[in-house]
Every structure is written in structure tokens, then in C-alpha cells.
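This report is meant for a reader who is meeting the structure below for the first time. It begins at the surface and then turns to the interior.

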Amino acid sequence: MIEAGFPLLGTAFVVLIVLPAFALSAKLALLGIERTRFIGPLAALNLRYVLLMGSSALPLAWFVSAGLHQAESGSPLACLFDHHTAAKCFEPGFFAAALALAIALLSLRVVLGRREAVESDCAAARVLAARLERLVARRPNLEGLRGRLLVTGAERFAIGTQGLLKPRVLVGVHFAARLSDEMLAAALGHEQEHVHALDPLRYLILRIALEVNPIGRLLLAPHVARWHAAREAHCDREAVIQGALPLPLADAIVLAARPQRCEPVALGARDTAVLEFRVGLLLAFAEKRPTRTGHDGRSAMPLSVILVSLALFLPHRAGTGALDSLHTGAERALTFFFLH
């Protein structure tokens with residue numbers, strides 16, 4: 001039991017104490033950003049995403065890397081017990097493996113729960129595919145979607161972006177039949193921003209990061225919802241800047257809000273408040289054309305990869321003092337509960 005103390009209690013401590021503490025810090029930072037008057041509702045999206053995702057991903061990356069580093073280097077630890085080893089203590093390696101296993105198990109539900117609509121090849125789908133090709137050919141602002149459009153006959157599917165490394169836009173036959181060419185082109189312009197920013201992959205990473213932090217997920221749920229709404233409104237604005245007409249896009253959003261979507265990265269609004277927010281912005285854009293205030297979105301993935309890479313590398317250069325404290329704390333807890 002003593003030998004298993006650090007891997008098991010250390011993992012529990014990280015999931016139940018460390019991650020919620022980081023989530024609470026992220027929540028305080030997000031509250032400050034969201035309540036700052038000179039920061040608009042569509043601003044600082046990259047920073048907000050990094051706070052939401054990084055509050056779980058960064059400490060987990062550090063702890064796993066630190067455990068592996070101490071195990072392979074054989075650096076001395078302040079153990080409370082004699083583990084009968086000449087120079088090395090392998091408990092950090094077992095801790096890293098236990099923590100990685102916990103992350104994998106908690107993430108499994110998100111990965112297995114992903115649902116994607118299936119491409120169709122019926123007559124109506126072929127007609128819609130030809131219509132989409134004509135729309136893309138006639139509008140230079142949709143050039144980025146060439147070769148990335150698929151059609152589905154799923155009755156309740158509207159339009160959405162799916163695919164992790166090579167995103168594609170899937171359009172529902174029944175949904176497109178209710179749209180004019182201007183409405184459909186505007187909707188495609190919105191989805192094009194999701195494609196360019198690799199949003200399906202980014203949304204999946206965020207969901208996994210929150211899944212492995214159950215307490216933090218509850219703390220950050222309102223901020224995740226606000227980030228999703230702001231992200232969708234940002235894609236609306238980018239579509240208008242690229243040439244989409246605001247009013248047809250607003251009409252398409254209202255129609256897309258009705259079907260039951262298979263993917264979270266989709267045109268339709270999640271609830272009435274978000275729908276009113278996005279339509280209100282588009283009505284304002286019809287009066288005054290929006291301008292780009294930043295490029296929130298496309299740089300979030302590279303920034304996230306850099307930060308996680310730094311978290312993985314840091315223990316090898318800056319030491320692992322926090323892991324030592326966690327180690328001795330876990331063994332003290334084990335002593336208290338089982339040896340008294």
C-alpha cells in the first residue's frame with residue numbers, strides 16, 4: 001500500500017485539488033476580461049480560449065512531464081519511507097503513468113461521443129452539390145471552400161464544419177432547399193472561418209480539457225458558453241467582412257437554429273439569447289459595415305501548441321520542486337489515514 005501511495009493519491013490530488021485551483025484562477029481572469037468595459041464582447045477570444053483550455057492542459061502536461069523526468073533521471077526525492085532502492089525512486093514514473101491513464105479514461109467519453117453526419121449520394125444530394133459548386137465558382141470570397149464541401153441527406157442536419165485536421169463543410173439537403181443563393185452563400189462564408197481556424201479540432205481539445213477537470217468544468221461552464229457565442233459571432237463578422245450579406249446570413253442563422261445539429265461547430269445558435277445577440281449584430285452590420293479589429297481565432301491553435309510544449313519542456317530545465325512537494329504530501333496523507 002505504501003508503494004502505491006504517491007501514484008494514486010498524487011493523481012487524485014491533481015484532479016481534485018490542483019486542476020480546480022487552476023480553473024478558479026482562470027475564472028477570475030475571465031471575469032476580469034468579460035467585465036472590462038473597453039474590451040468588446042468579440043475581443044480577446046484567443047486569450048479566453050487559452051485560459052479555458054490551459055487551466056487543465058498546462059498543469060497536466062507539467063505534472064506528467066515532471067514525473068517522467070524524475071523517473072528517468074533518478075534524481076533524489078524527499079521520501080518519507082525507505083523504498084529499498086540504491087539511488088532511484090520510481091514512484092514519479094508510476095505517478096505519471098497513473099495520471100496519463102486517468103486523462104485517457106476521462107477523455108474517452110468525449111472522443112467516443114463525437115457524432116458526425118454522413119455524406120449522401122442521392123439525387124437531391126447531387127443537385128445540391130452542383131449548386132454549391134456554382135456558388136463557390138461565382139464568389140471569390142468562398143474560394144477557400146473549393147474541394148471542402150460535402151452534402152448530407154440527414155433530415156435534421158442544417159450546416160456545419162467537421163473533420164479535425166482537414167475540416168470540411170457539410171450541408172443538409174433539406175436545409176439548403178429553404179435557402180436562397182444569397183443565404184446559402186452567406187452561411188458558407190460563416191463556415192469558411194471555422195474551416196480556416198481548425199475549429200472542430202479546437203472545440204474538441206477544449207471539451208477534453210474540461211472533461212478531465214470535472215470541478216473546473218462546473219466553474220468555467222458560463223465562460224465556455226460565452227466564448228462559444230462570441231466565437232460564432234466572430235465568424236459572422238468575418239463572413240460579412242469577406243463579402244457575405246448580413247441580412248441573408250441572419251435569415252440563415254434563424255433557419256439553422258431549428259434542426260438538431262450533430263456537430264457543435266455549426267451555423268445555428270445554441271439558445272434564444274445567443275440567437276438574438278448574433279442577429280442583432282448582423283442588423284447593425286447591415287447599417288454599418290464591420291471592420292476587423294484583430295485576428296482572434298486562427299492563431300489560437302499555434303499558441304496553444306507552444307504553451308503545452310513549454311509546459312512539457314519546463315520540468316527538464318527548471319526543476320520539479322512542486323512534484324517533490326506533491327510526493328511528500330501524498331505519503332504524509334497515506335501515513336495519516338492508514339498508519340494511525
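A residue is called buried when its relative accessible area is under 20%, exposed when that area is over 50%, and partly exposed in between. By that rule Ile17, a residue of helix H1, counts as partly exposed, because its relative accessibility is 44%. The model in which these values were computed is a predicted one.

**Overall picture**

The protein has 340 residues, of which 48% count as buried, and its secondary structure comes to 13 helices and 3 strands. Among the contacts in the protein with a separation of 6 or more, 78% are accounted for by residues that stand 24 or more positions apart. The accessible surface comes to about 16,400 Å², and carbon and sulfur atoms hold 64% of this area.

**A nonpolar patch on the surface**

Ile17 also takes part in a nonpolar surface patch of about 360 Å², which it makes together with Phe13, Leu16 and Ile215. Helix H1, which covers residues 5-34, gives the most to this patch, with 3 residues.

**The nonpolar cores**

Which residues touch the most other members of the largest nonpolar core? In this core of 40 residues they are Val171, Leu184, Leu188 and Leu267. The elements that give two or more residues to the core are strand E3 (168-172) and the helices H4 (123-138), H5 (173-177), H6 (181-196), H8 (214-241), H9 (246-256) and H10 (272-287). Of these, helix H6 gives the most, with 7 residues.

Val171 shows how such a residue is surrounded: leaving aside residues up to four places away in sequence, Val171 touches a set of residues that includes Leu128, Leu132, Leu150, Phe157 and Ile159, as well as Leu184 and Leu188. A second core of 20 residues is separate from the largest one, and among its members are Tyr49, Tyr203, Val224 and Ala233.

**Aromatic pairs**

A pair of aromatic rings is described by the distance of the centres and the angle of the planes. The count for this protein comes to 4 aromatic pairs, and the table gives two of them.

| Pair | Centre to centre | Angle between planes | Arrangement |
|---|---|---|---|
| Tyr49 and Trp227 | 5.4 Å | 40° | tilted |
| Trp62 and Phe63 | 5.1 Å | 90° | edge-to-face |

The pair of Tyr49 and Trp227 links distant parts of the chain, since Tyr49 lies in helix H2 (residues 45-73) and Trp227 in helix H8, with their positions 178 residues apart. Tyr49 counts as buried because its relative accessibility is 1%, and Trp227 is likewise buried, with a relative accessible area of 0%. In the pair of Trp62 and Phe63, Trp62 is buried with a relative accessible area of 15%, and Phe63 is buried with a value of 8%. Tyr49 and Trp227 also belong, together with Tyr203, to one aromatic cluster.

**A buried glutamate in helix H8**

Is Glu232, a residue of helix H8, buried or exposed? At 6% relative accessibility, Glu232 counts as buried. Glu232 and Glu193 are 39 residues apart in sequence, while their C-alpha atoms are 9.5 Å apart in space.

Notes. Residues numbered from 1 in each chain as written. Predicted model: local features only at pLDDT ≥ 70, side-chain atom pairs only at ≥ 80, totals over all residues. Heavy atoms only, no water. Helix = DSSP H or I, 4+ residues; strand = E, 2+ residues; numbered from the N terminus. Buried < 20%, exposed > 50% of the residue type's maximum accessible area, 1.4 Å probe, protein only. Contact = heavy atoms within 4.5 Å. Areas by Shrake-Rupley, 256 points an atom, 1.4 Å probe, with all protein chains shown as cover. Patch = residues over 30% accessible without salt bridge, like charges linked within 9 Å, V, L, I, M, F, W, Y side chains within 5 Å. Salt bridge = Lys/Arg side-chain N within 4 Å of Asp/Glu carboxyl O. Core = buried A, V, L, I, M, F, W, Y, C linked by side-chain atoms within 4.5 Å. Phe/Tyr/Trp six-rings, centres within 6.5 Å; stacked < 30°, edge-to-face > 60°.
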